[in-house]
Amino acid sequence: MHFSSVVESAGVYTLSDYIDILDALVEKWKVKDLTGLSAEGQEAQEFVCDHLPQKLRRLEERAERRAKKRQTIPFTWIFNRAV
């Protein structure tokens, strides 16, 4: 839990980054435009294009709320500073 807090505070690969990556790849690979998929493929397409981004955004909102309440945590191996 502390490691996750530190990574988010330091701005290293936050949920926002993962959402941006997901959006970019879905667009680049034109996942929404794929046709002729099996039922399982259509289900996966719907999940990746619709449900997963929404779920990640809800998690991001929760993480932002937690960040406002977060205490700093001292980590001596990060140049002896608190993050």
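A contact is counted where heavy atoms lie within 4.5 Å.

**Figure 1. Overall fold of the predicted model.** The chain contains three helices and two strands, arranged from the N terminus in the order α-α-α-β-β. Of the contacts in the chain with a separation of 6 or more, 50% join residues that are 24 or more positions apart. The chain has 83 residues, of which 20% count as buried. Its exposed area is about 6,800 Å², and carbon and sulfur atoms supply 55% of this area.

**Figure 2. The salt bridge between Asp 23 and Arg 57.** A search of the whole structure returns one salt bridge. In this salt bridge the side chains of Asp 23 and Arg 57 meet at 2.9 Å, N to O. Asp 23 belongs to helix H2 and Arg 57 to helix H3, so the pair ties together parts that are 34 residues apart in sequence. Side chains of opposite charge can pair when their charged atoms come close. Asp 23 counts as partly exposed, with a relative accessibility of 30%. Arg 57 is likewise partly exposed, at 35% relative accessibility.

**Figure 3. The buried residue Glu 60 and its surroundings.** Glu 60 is located in helix H3, which spans residues 39-69. Although buried, Glu 60 has no salt bridge. The nearest side chain of opposite charge is that of Arg 57, 5.6 Å away; a salt bridge requires a side-chain nitrogen of Lys or Arg within 4 Å of a carboxyl oxygen of Asp or Glu, so this pair does not qualify. The side chain of Glu 60 instead makes a polar contact with the side chain of Ser 16, at 3.5 Å. When residues up to four places away in sequence are set aside, Glu 60 touches Leu 15, Ser 16 and Ile 19.

**Figure 4. A nonpolar surface patch that includes Tyr 13.** Val 12, Tyr 13, Tyr 18, Ile 21, Leu 25 and Trp 29 make up this patch, which covers about 630 Å². Tyr 13 occupies the loop between helix H1 (2-10) and helix H2 (15-28). The relative accessible area of Tyr 13 is 54%; exposed means over 50%, and Tyr 13 is therefore classed as exposed.

Note on methods: Residues are numbered from 1 along each chain as its sequence is written. This is a predicted model: local features need pLDDT of at least 70, side-chain atom pairs count only at pLDDT 80 or more; totals for chains, interfaces and linings use all residues. Side-chain values use heavy atoms; hydrogens and water are left out. Helices (H or I, at least four residues) and strands (E, at least two) are DSSP runs, numbered from the N terminus. Buried means under 20% relative accessible area, exposed over 50%, partly exposed in between (1.4 Å probe, protein chains only). Accessible areas come from the Shrake-Rupley method with a 1.4 Å probe; for residues, only the protein chains shown count as cover. Patches are made of residues with over 30% relative accessible area and no salt bridge: like charges are joined within 9 Å, nonpolar side chains (Val, Leu, Ile, Met, Phe, Trp, Tyr) within 5 Å. Lys and Arg count as positive and Asp and Glu as negative; His and the chain ends are not counted. A polar contact is a pair of N or O atoms within 3.5 Å; within protein, one must be able to donate a hydrogen and the other to accept it, and residues adjacent in sequence count only if both atoms are side-chain atoms.
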